[in-house]
Amino acid sequence: MTHPRRTTYWDYIHVEDLLSLQGGLPEDIADPSNDEVLFITVHQVFELWFQLVLRELNSARDLFGRDLVQEQELSGAVASLRRISTILAVAADHFRVMETLPTREYLEFRKKLMPASGGQSAQMRQIEILFGLDDRDRVPLGDKDWHMNILREADGSEGPAYKRVAGQMEDGPSLRDAIDSWLLRTPIDGVAHEDPDADVALERFISRYLAAHQGEVEANLEYSKSIMEGDAAHENLEDRYRWEAKSAEKFLRPSEDEGGARIARIRAAMIFIETYRELPLLAWPREVLNELVRVEQRFLIFRQRHARMVERVIGSRTGTGGSEGVKYLDETALRYRIFRDLWAVRTLMIRPGATPKLERPEFYGFRSDG
Ligand code: HEM
């Protein structure tokens, strides 16, 4: 007779396996120092977090990649995004543990790592690709395929790391593309995107929004001028505020090169959702946009936190992977933005009292008793 399984902690968590993985390079005869075990362990902990981030990213991407996303499913996507940003925040804090590694003790074993580098973290690359980082935006580190070539085995062959990332590149769409296709279908002013009147409704919303925005910019400019003195200060303010008005126009009326009508609709949807977020049908979409910005913010902070830890431990020396070290890392933190438009929307938002009146609030589940 078979007994029901009496599960133990060690079998379920694979504790013995897990604790046997910090031995360092197989050819090393001496046991690694405490510092080296710390170095290996912290990297392993990160890789485990990355694995979870990838799972959640995949779920969110799969949802938004579908042709129809039900409102009630959005809470699941929001939960995935929240989990990702929480993991990234906690993981960034782990760099504090890494900082207990003094420079000289690190130098003791650093040479044998070369040319290995965190740049060979296949899961990190997968995360970037799945989010939607464009290869053209990468900070170059050698030839154009450097980020793939460093994933090759020592003999140049394509091992597991290379295959993981190559597989990820085949597995579209990215989260950003999936979100774009979802946003594209957002009804604007109660008119669905496949409706024959969709373009008219979109244009009406854009021109009314831009007019309201322009009014706010002018009012803010006048107010700023009234509380600041001097011609130079006024000229400066005029330049600044005119730039705001111009960039709003450019954002909502992109040229054909920038994506034309398709991008205009996606951007208008972002603004529409943010502006009328108190309407029941827009509450969850707005949470999605909010969580996307939060995830990206955490990711940027993660990159910056890594760079500061690196600076503290190795200063500005060359990385084991051959990059300019901290300079390269700071550049990635500045350049790697995925949801640029969601950030740009922050510059364009206007206060509730100045927003154009919604054409059909009832379409979004809003009932007025009056
Ligand atoms: C003392 C500890 C560490 C030092 C000195 C360090 C240093 C560096 C340097 C200099 C680079 C640039 C590439 C190169 O030239 O090698 C890099 C890249 C990277 N490191 Fe670290 N690192 C440390 C710990 C960690 C940890 C714990 C993680 C967690 C997984 C990590 C993840 C990464 C990743 C993902 C990259 C690639 C970044 C990119 O290309 O965008 N590093 N690291």
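The following exercises, each with a worked solution, concern a predicted model.

Residues are numbered from 1 along each chain as its sequence is written, and side-chain values use heavy atoms, with hydrogens and water left out. Because the model is predicted, local features need pLDDT of at least 70 and side-chain atom pairs count only at pLDDT 80 or more, while totals for chains, interfaces and linings use all residues.

**Exercise 1. Overall build**

Determine how many helices and strands the protein has, and what share of its residues is buried.

Solution.
Step 1. Helices (H or I, at least four residues) and strands (E, at least two) are DSSP runs, numbered from the N terminus. The protein contains 15 helices and 0 strands.
Step 2. A residue is buried under 20% relative accessible area, exposed over 50%, and partly exposed in between (1.4 Å probe, protein chains only). Of the 370 residues, 41% count as buried.
Step 3. The C-alpha atoms fill a box of roughly 80 × 75 × 35 Å along the principal axes.
Step 4. A contact means heavy atoms within 4.5 Å. Among contacts with a separation of 6 or more, 76% come from residues 24 or more positions apart.

**Exercise 2. Salt bridges between distant parts**

State which elements the salt bridge of Glu36 and Lys112 links, and whether each residue is buried or partly exposed.

Solution.
Step 1. A salt bridge is a side-chain nitrogen of Lys or Arg within 4 Å of a carboxyl oxygen of Asp or Glu. By this rule the count comes to 37.
Step 2. In the pair Glu36 and Lys112, the closest N and O atoms are 3.0 Å apart. Glu36 belongs to helix H3 (residues 34-64), and Lys112 to the loop between helix H5 (103-110) and helix H6 (122-131), 76 residues apart.
Step 3. Glu36 has a relative accessible area of 7% and is therefore buried. Lys112, at 31%, is partly exposed.

**Exercise 3. A bridge within a network**

Find the helices that the salt bridge of Glu274 and Arg346 ties together, and name the network that includes both residues.

Solution.
Step 1. The closest N and O atoms of Glu274 and Arg346 are 3.5 Å apart.
Step 2. Glu274 lies in helix H12 (residues 260-275) and Arg346 in helix H15 (residues 340-348), so the bridge ties together parts 72 residues apart in sequence.
Step 3. Glu274 is buried at 5% relative accessible area, whereas Arg346 is partly exposed at 36%.
Step 4. Salt bridges link Arg82, Glu274, Arg286, Glu287, Glu291, Arg294 and Arg346 in a network.

**Exercise 4. An aromatic pair**

Classify the ring pair of Phe205 and Phe272 as stacked, tilted or edge-to-face.

Solution.
Step 1. Rings of Phe, Tyr and Trp (its six-membered ring) pair if their centres lie within 6.5 Å; planes under 30 degrees apart count as stacked, over 60 as edge-to-face and the rest as tilted. The structure holds 16 aromatic pairs.
Step 2. The ring centres of Phe205 and Phe272 are 5.3 Å apart and their planes stand at 80 degrees, so the pair is edge-to-face.
Step 3. The pair links Phe205 in helix H10 (residues 198-227) with Phe272 in helix H12, 67 residues apart.
Step 4. Phe205 is buried at 2% relative accessibility, and Phe272 is buried at 0%.

**Exercise 5. Around Arg303**

Locate Arg303 and list the residues it touches, not counting those up to four places away in sequence.

Solution.
Step 1. Arg303 is part of helix H13 (residues 280-314).
Step 2. With 10% relative accessibility, Arg303 counts as buried.
Step 3. Beyond residues up to four places away in sequence, Arg303 touches Met124, Glu128, Thr332, Ala333 and Tyr336.
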